[in-house]
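Biologist: Could you take me through one part of this model closely, namely the places where its pieces meet, and set out what the coordinates say there?

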There are 2 protein chains.
Amino acid sequence: MKRIKIKELLSNSSQYIDQQVVLKGWVRTKRGNKHVAFVALNDGSTIHTIQIVLDVAKFNEEQLKDVTTGACISISGKVVTSQGAGQSIEVQGDTLEVIGVADPETYPLQKKGHSLEFLREIAHLRPRTNTFSCVLRLRHAMAFAVHSFFNEKGFVYVHTPIITGSDAEGAGAMFQVTTLDLKNPSKTKEGEVDFTKDFFGKATNLTVSGQLEGELAAMALGEVYTFGPTFRAENSNTTRHLAEFWMIEPEMAFYEIQDNMDLAEEFLKYLVKYALDNCIDDLNFLNEMYDKELIERLKSVVETPFVRLNYTEAVDILIATKQKFEYKVEWGIDLQSEHERYLVEKHFKKPVILTNYPKAIKAFYMKANEDGKTVRAMDVLFPGIGEIIGGSQREDNLEKLQERCKEVGIHENDIWWYLETRKFGSAPHSGFGLGFERLMLFVTGMGNIRDVIPFPRTPQSAEF
Amino acid sequence: MKRIKIKELLSNSSQYIDQQVVLKGWVRTKRGNKHVAFVALNDGSTIHTIQIVLDVAKFNEEQLKDVTTGACISISGKVVTSQGAGQSIEVQGDTLEVIGVADPETYPLQKKGHSLEFLREIAHLRPRTNTFSCVLRLRHAMAFAVHSFFNEKGFVYVHTPIITGSDAEGAGAMFQVTTLDLKNPSKTKEGEVDFTKDFFGKATNLTVSGQLEGELAAMALGEVYTFGPTFRAENSNTTRHLAEFWMIEPEMAFYEIQDNMDLAEEFLKYLVKYALDNCIDDLNFLNEMYDKELIERLKSVVETPFVRLNYTEAVDILIATKQKFEYKVEWGIDLQSEHERYLVEKHFKKPVILTNYPKAIKAFYMKANEDGKTVRAMDVLFPGIGEIIGGSQREDNLEKLQERCKEVGIHENDIWWYLETRKFGSAPHSGFGLGFERLMLFVTGMGNIRDVIPFPRTPQSAEF
């Protein structure tokens, strides 16, 4: 008989009543008495377990002893309406096979309620917990929703390079990638590292953003997006930073800053709505266990138009309020998390898109406004998260872009290929970046970014 | 008026007849005479161009001069039935804006028929060619089909780590990732590189495969897959190798080798059928320009059951044939491309799945057969490509796996977390890897792997 998944059984339970089924999965708990044993079985397809009822007299005692938390078993039996509370159906076991034991003396996931810190140390086993199976199914759903959203709109998914010889994006400290002998690297006569001997014939790093390459593709294919890993070699041990994380970066020809904001808002609402529509069981669990306002907050984002506001107006609001901030507010500062969260959580009580930031605090490629002081940047600020999206209209005028490169010290030789998109068939275009793990923090309600990625990479930590 | 994309206009042309539209895109060609100019406009949404007809008398002469190959323009005008050959509709231009010029003296993509080698040197512009826009749209379609296939089946997409402290997979030479000062790396008293001073506190590399981590997730979530970049620091300058490429790696609990073969065959057929169903315009172009048998070959893969054959039987066939091979065939050898292609292209004339390979030529994690000599490996061999998928049932018995680690010199300390999946709740499971660029070679008919990825990374080459 073909095995069915527990999600399938529970979703279509009425059609399985009185049918024989085969189930395979891992034991979450076993309880009972001398006559009957109740096994809660999970196979990862859903947060829910199915109750297996075993008539103790029908089974070998030794075999039943091996049915412990974490053990892998196969069961065949009949689906019946459950008499117990908490489930509508259960399976009366006919045959039982213990596929893989889990010694109760050594299996680490015995008791309920391990700390998240402890679970990080056993990241190879934590997907077997309710919490992480929820997070990982939601992560899948969000990734699929990203691709579905852009595919429906005719965007082209572009794999921008991970290893890069360019460091012009300037988004942060980079990891070096090399095949040189670290103990005795080749040196030039002048005693410098001789990168001509390295694999790529020059110094290379891990990318901090696929944006610049994404723009190249947008100026040919119209609307594109990237979705890939990006890296920061920053020694930040916070609940918000990873050394390796995933980014989604759409780039669109013929989009001005307003179109960019429209797309960002539509995109975020689509993603959150997708989670509510497709993952409500997992969200209910997380809402119950970690964050009682999670589902309310998700619904509110889907239903509420985002506030759109100039940076300058935001600064005025922050100066006018009686709220005390650690960092003083004045025009020109890079807003801190405390400022962003005040605007979103206290002042407007809804998501905010800030635009037209001071030129001096934003990247070289952002389109200059005519005031000479601000650029067409936009940040989307979310409750509980702060900045979830950062983007801008891109400078499409070659001379202005060259001037800006000079101002910030970028050599034209290093990004000749980027500049050529402005030289040949240039067009207004825009784009933004969504940190996938920031999105996952928002959608799951988890508090630490290490808990929304399967195997976190942070300073001093690259296990598994 | 809102701009529409050319794909939308051409797909629903009858409903746009006599309507005013706004189109934006890049000029492919301009021809005509003193009275009328015909502009072929492309916006990346489709391989097709739309013909714009400009009554020369209605436009500024200087402006028309700027309408050259590669220039970006915006046009508004009326859609009419075309009198000319080669298109059913055209647009009579009313207003014209040249958004970005492309100086004919310097714009590199002037003439038709640039060599693929030349286009690699201008990878920032080659998406603007017909060939690469086709390849990139197909690449998008195949990536989306991968996600759709697994999502429909309830698989969970798992982002396995890119930076890894483990090199146990042993699939090839690795790139080092470091923040140490390459000129003067920290050294221990013994004069060795002191990796405790490195970012992660130990030596780290770029992953060669997400399989081991994928297995961890499969033993919790049941069915998972990865789709991410992988790396080989091998000095191979061939048409089949990249230093950075994308891999898809499903891992499934409770799948034995037959289930694994079933999934691989279904998966490949789904992908190829998706291309035929969704990208026929792009395929027609590639079929016409590069490979007259492309579409026939794709259809044949969808329709033909794959041959399934033991390695031993394959060796017998290769020994029995009169065909001369460069490498002599005997039981135990790793089959060469010439052998694989003989089986697929000459002997069977259809895709072949080879199984039960000699233990000695396969990886440590593959499940041993009872004969003690072979393992439950499988390779899927494709016409024109050779191996497109490699996979196996995984060794799920802890003792056998430990023994195998010892034989091949892998220290248990380095993969304690991998071994623990066999210690706690182990289950039969299987998986495979599909090189995404191998798939793209097959689907596009292109001959060089550098031409199916936007920005290829190869020895001595990491531009853009």
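**Where the parts meet**

Modeller: In this predicted model, chain A is divided into domain 1, residues 3-100, and domain 2, which is made up of residues 128-172 together with 208-451. The C-alpha centres of these two domains of chain A lie 45 Å apart, and the contact that joins them draws on seven residues from domain 1 and nine residues from domain 2. About 570 Å² is buried between domain 1 and domain 2 of chain A, with carbon and sulfur atoms giving 42% of that area. On the side of domain 1 that touches domain 2, the residues divide into one nonpolar, five polar and one charged. Between the two domains of chain A the count of salt bridges is zero, while four residue pairs are in polar contact, with both residues at pLDDT 80 or more.

As background for the chain that carries both domains, the secondary structure of chain A comes to 14 helices and 16 strands, and its C-alpha trace spans about 85 × 60 × 45 Å along the principal axes. Of the 464 residues of chain A, 60% count as buried; and among the contacts in chain A between residues at least 6 apart in sequence, 66% join residues at least 24 apart.

Turning to the meeting of the two chains, the contact takes 114 residues from chain A and 114 residues from chain B. The area buried between chain A and chain B is about 9000 Å², and carbon and sulfur atoms give 64% of it. On the chain A side, His159(A), Leu182(A) and Phe254(A) lose the most area to chain B, and together they account for 9% of what that side buries.

The polar side of this interface can be followed in the same way. Six salt bridges are counted between chain A and chain B, and a salt bridge is also what joins the side chains of Lys5(A) and Glu223(B), at 2.3 Å from N to O. Across the interface of chain A and chain B there are 41 residue pairs in polar contact, again with both residues at pLDDT 80 or more. Helix α5 of chain A, residues 130-152, supplies 10 residues, the largest share of the side of chain A that touches chain B. Taken as a whole, the residues of that side of chain A divide into 57 nonpolar, 33 polar and 24 charged.

Definitions and conventions: Residues numbered from 1 in each chain as written. Chains lettered and ligands numbered in written order. Predicted model: local features only at pLDDT ≥ 70, side-chain atom pairs only at ≥ 80, totals over all residues. Heavy atoms only, no water. Domains from an automatic or database assignment. Contact = heavy atoms within 4.5 Å. Buried area = accessible area lost by both parts, 1.4 Å probe. Salt bridge = Lys/Arg side-chain N within 4 Å of Asp/Glu carboxyl O. Polar contact = N/O pair within 3.5 Å; in protein donor to acceptor, adjacent residues only side chain to side chain. Nonpolar A, V, L, I, M, F, W, Y, C, P; charged D, E, K, R; others polar. Helix = DSSP H or I, 4+ residues; strand = E, 2+ residues; numbered from the N terminus. Buried < 20%, exposed > 50% of the residue type's maximum accessible area, 1.4 Å probe, protein only.
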